[in-house]
Amino acid sequence: MRRRRLLIRVALLAVYVGLATLAFVTGKAHTVLIDNKDTEQAEGIDGVLVEVNGGEQLELYRGDRDKVAVQGQGLRVRVELLDGTATEKRLRLPVGQDMLLLSIPGLLAGSETALEPFVPVNVAPPPEEEEPVTSDGLSGEPLPETLEGEPPPLAP
Amino acid sequence: MRNLRQLVTDFGWPRIIIFLFLVLLFLGAPFVRVRIDASIADVLNRFGQNGVFVLAMVPMIQSGCGLNFGLSFGIIAGLLGATLSMQFGWHGFLGFFGAIALAAPFAVLLGWLYGKLLNKVKGEEMTIAMYVGFAGVMFMCIMWLLLPYTSPNMVWGYAGKGLRTTITVEGYWLRILNDFLAIRVGEFFVIPTGLLLFVGLCAALMWLFLRTKTGTAMTAVGSNPIYARASGISVDRMRTISVILSTVLGAVGILVYEQSFGFIQLYTAPLTMPLAAVAAILIGGASINKASMLNVVVGAFLFQGLLTMTPSVINSALQTDMSEVIRIIVSNGMILYALTRKTKAAS
Amino acid sequence: MGQANPLLSFEHVTKDFYENVVLHDVCFDLRGGEILGLVGENGAGKTTLMRILFGMSVIAQTGGYQGRVCIEGEEVRFASPFDALEAGIGMVHQEFSLIPGFTTTENILLNREDMKPTLLNAVFGDRLSVLDRAAMRRKAEAAIARLGVKLDPDTLVSEMPVGHKQFTEIAREINRENTRILVLDEPTAVLTETEAEVLLESLRRLAAQDIAIIFISHRLHEVLRVADRLVVLRDGKKVKDTPVAGVTVRDVASWMVGREVSAERAPEAAEQALGPDLLAVEHLWVDMPGETVRDVSFTVRQGEIFGIGGLAGQGKLGIPNGIMGLFPAGGTIRFQGRPLPLNSPRAVLERGLGFVSEDRRGVGLLLDEGLDWNLAFTAMQIRGQYLRPLLGGLVRVRDERGMRKLTEEYVRMLDIKCQSPRQKAKELSGGNQQKVCLARAFAVKPRLLFVSEPTRGIDVGAKKLVLDALRRANRESGTTIVMVSSELEELRAVCDRVAIVDEGRIAGILSPQADLSDFGLLMAGERAAQEAHHA
Amino acid sequence: MSGKRSLGRFFTEYAVVIIFLVITLASIKPSGLSLVYIVQEMLIRLGRNSFLVLALLLPIYAGMGLNFGMTLGAMAGQIGLIFAINWNISGVQGLAFAALLGMPISLLMGWVCGAVLNRAKGREMVTGYILAYFINGIYQFIVLYLMGSVIPITSPAILLSRGYGIRNTLNLEGVRQSLDKLLLLRLGPFALPMATYMVIALLCLFIIWFRRSKLGQDMRAVGHDMAVAGMSGIAVDQTRIVAIIISTVLACFGQIIFLQNMGNLATYNAHDQTSFFAVAAILVGGASVKKATIPNVIIGVMLLHSLFVVSPLAGQKLFGSAMIGEYFRSFIGYGVIALSLVLYAWRSRRETERARESLRGAAAGGAPRGE
């Protein structure tokens, strides 16, 4: 009996860790920059419609760049040219990378480096935040003036 | 060696740790360019400022009502006294002692009602005291907006009605006690003798009261209520007297605090003060049904010492505002330590 | 019904608490289906015997016991009451151990509920299985049926009459399948006559189902009616072990108390000239938990030492506590001819009545304060003594010197062993603490002094000193004393008259020289044949 | 009991609920809010707060009064959320991740809280309150100083400019209302966050099931009479600790549901008000320190929050200042907790006296009383 209970508890622990990683992997959000600039292999395409993971279509002219937030690791990109031909590609996103750059011309040309991590160079300093207000029963007043911060109402 | 160990157990380990921590801060001060004399002056000032609050804890602990989480009633009475005295435009000593005189009837009335309530409710008195106190403070917040105060110094500029959140005591009775016979040594070091004398007077009166016939009866009710009842003492009357005393001292305490601090803080300010006073008396070594003058002095000194020293020394040493967090952990830790002692719960 | 060896047997069981012996070489045995009546005065050792049987921790803490306790021949030493329960021994206490908010079924099955396992058991253990309410109900009804009483399994215990609570507790004990021995400690104390009768009837039915029963009670006529055999304990020794046939209540009473008069009775030179009635009590009732007084009337003469005796729980302690106003009371009391208000300790103290409580540590002392405090406190509060004016009489403060002088005076008089007058009361021995309580009462110079259990739990030397102090106070300063005690010997040695209280009423008042079995009879609740003449 | 007395008992029993009902109804008209808006607010707040209030039930069963120490669970939930935001996990998975991460922390906190409360029997509520502040100090130490320096927090969006310590308010953009929007049902003018309601319903089922389990029965026994439960072999202290652990873990999940609905996390203040609101709500619903049921929770949340919606505007109309409305509702909030605690303590004292009298009645059979 002892052994069986131990076995079950280990199994439960495994399920717990599994669930956590599943949530992590499927939930991880990335921002993908859709880029239509010239690159060494291919130059930008004039007028192209790009749809990522079934989201709404982005219209890009040559030299444009747009941003899309993606949930999960899978990336399904559907590119439609002015002349109507459409191609669809499936890509894997590296888990740890928050920001990535997808070059549409590179993608169409089938180059390996179409999708590579994007390191934000000069990130604008986050707005100057006020001194952290720590409060408890002994110093700052515990009860904010408005007891209930007004939440944005649910979209009716 | 034996009495050293005895001293340690009497004094209790947590208090020794805090005391050593405070000594460390004082020793470390010069290395981080913090002036020792200015710090000591600051500690003395804050000791006087909060001394009466901590003293207000003693009567209710002695009579077995436990820690007075409802001190806000005394503070409300004090605020009423202060605002009325300012409304009448009294200045200087008349202003300060007038405020005490005006606050006294409110304090006695509120104390009596609060005492009656506590007698009806045995068990979980502290939680009830806390929430009745909070409700009282909130009720006063509404009153501050409605009461017909007119003195320009206190009323909101644009509306002309309802009191400001903080009212300066400038020109009325600012530092009336602090500067009385103040001794100034060098540019930074000043001893607020008036303030210390006043606090000393209150402590002496309390020490004396505890020696009187009623005072003795009250202490007996605290240590064994059944014994007191068997000796013809009315337990409920003694507890009510101790609550009234604690509330009156609370009123005096807020006035002493304001004259030294410089501002009358209304609305939700009183919510935090009871916990600070409770933490101080417990750091001083008081238990849930026994508190002495020594506990008051040691407690107020250690607690205020902690409050003044940690921000200056720790911040400059570690370049962070860690002091806030340390103070929360230490003071609440002390209350927790007292609440989990094996003494029988307040009757 | 005889088995090979007896179901339960005590062999040469001996036990002592510090230096006084509580049980001395007790041997008796018990067969299945037999009802054994166990009787004896307070302190005769009944409770200690049961504690040994149940392996209560207090026994191990005070040095364990000698001798053997055997079940079906092999020796058993239970580490805790739970082991006893597992071995099939159930115990029904006098004060109920039931959960008021639970129904009868839930109480009967408390912590032995039937459960349906759930898949969570594998992970969190069997406390997460669901209760099988239907099975629980069936088991409860079976246990009630075995008792032969009608109990509704769904009513809440808090809404039950007292008798039903008793049956619920018994049902809980016998619900355990392997219960073979059932111990009942004063089960009929709180029951009315009819309820007691139903209880006895159900006990006989249980015995018929081969369950052995130990029936502890002071109601001798009930014991004689239901028990097959009788064991009488006195001062820790088994003095009688006989079948019930042919035994009368008078025999049992004399066995219970029959001992040669050991404490010497100082022959009074001349019968003291007793003054008029100082205290007259009519139809006094007192609501003191465990010591209820129903209807007591008596008078006490000026200068007399009036004794009140009786078994524990009969209400003798209720009398002083009620008159002194410590517990709600009613009836009319006249002191020195004038009516005395009830339920107000202050008024009674001001009229000059003093009280030394039986509960030394709980009521009698301020444990965290010094001796001077303890002694002078009542005098200060009632008489305003030991206060000195300060600031020109504006305020009166404790006169520390006066209090210390008073303390030193009484420390000498009562030979209280202490380091200094300021020593904390909790640091003194039991005997010295009792002397402090006495000194506190004497300090108020009372006209009438109630003394409750003055010698309980103190060493023999201190007992003699306390009793002498009481005699001296009575003879020298003429204090009338009402002494309440369960030590019959002391009452007969010290008092001029002794009243015996049974079930909240005075069963009778006897002279100290009266025959011991008369005392025994009164204690057992048999009304004395004729009203005892005043000595 | 005679009709009159049981009516009297009804009023004292539900005095709090009645007072609240009257005040709320009275202030609806002056607040000028449309009924549709109020009902919609009720639906949102039921989803947001019910889980937290339900977390109070188990400690009440186990006789430990109102668990002010549930704030510990709220802090654990917030720590979980901080990590979820740091690793930028969005949507319902973000909530799940936060909950999974918060669970072990709240389990540990619950164990600590239970052990401390066992050392302060008889004054559990105030000890829980102070313990919440004490752990708040440690929480601030971890979140303000360790996160970023010792604990690997990388996302610049949530770190303070000085490189370590979490900012005052975090924008829960990724997970905002993800649970509420999961199954948003449109019913006429109202939007019903069905997914949240389902999670709450699941918890209610668990509580109902739990009451019928052996552990639930032990808990009720300990709640009614600790001594008798102990004598019958129930591990009293351990049962009480389990009650607190479950309550703290539920508070952790509840806080995550609360914050996903609010949309932003006040890192250092959000948990201060959690226990106040939950306790006020359950007491307004007619619960007491010893007796609480699921209906008390539902009624309490609706009543308390409807007043919190209407009172500022009512205050504006009646007294000409919204501030009065705000203070009024804080006064009512604290007042209801004080009132119900006082009523409960006073009634239990009177009950013990009445129980004594009923005994006395039998005892004083002999002599007619006080003749």
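Two residues are in contact if their C-beta atoms, placed from the backbone, lie within 7 Å. This helps in reading the structure above, a predicted model in which local features need pLDDT of at least 70, side-chain atom pairs count only at pLDDT 80 or more, and totals for chains, interfaces and linings use all residues. Residues are numbered from 1 along each chain as its sequence is written, while chains are lettered from A and ligands numbered from 1 in the order in which they are written.

Chain C is a good place to start. It has 19 helices and 24 strands (DSSP runs numbered from the N terminus: H or I of at least four residues for helices, E of at least two for strands). The radius of gyration of chain C, taken over C-alpha atoms, is 26 Å, close to the 24 Å that the globule rule (2.2 Å times the number of residues to the power 0.38) gives for 535 residues, so chain C is as compact as a globular protein of that length. Its C-alpha trace spans about 80 × 60 × 45 Å along the principal axes.

Of the 535 residues in chain C, 46% are buried, meaning that 20 or more other C-beta atoms lie within 10 Å of a residue's own, with C-beta atoms placed from the backbone. Helix α10 (residues 249-257) of chain C offers a closer look: Val252(C), Ala253(C), Trp255(C), Met256(C) and Val257(C) are buried there. The cover over these buried residues includes, from chain C, the strands β3 (35-40), β11 (229-234) and β12 (237-243), together with the helices α9 (220-226), α18 (488-494) and α19 (516-523).

Note on methods:
Buried ≥ 20, exposed ≤ 12 C-beta atoms within 10 Å, placed from the backbone.
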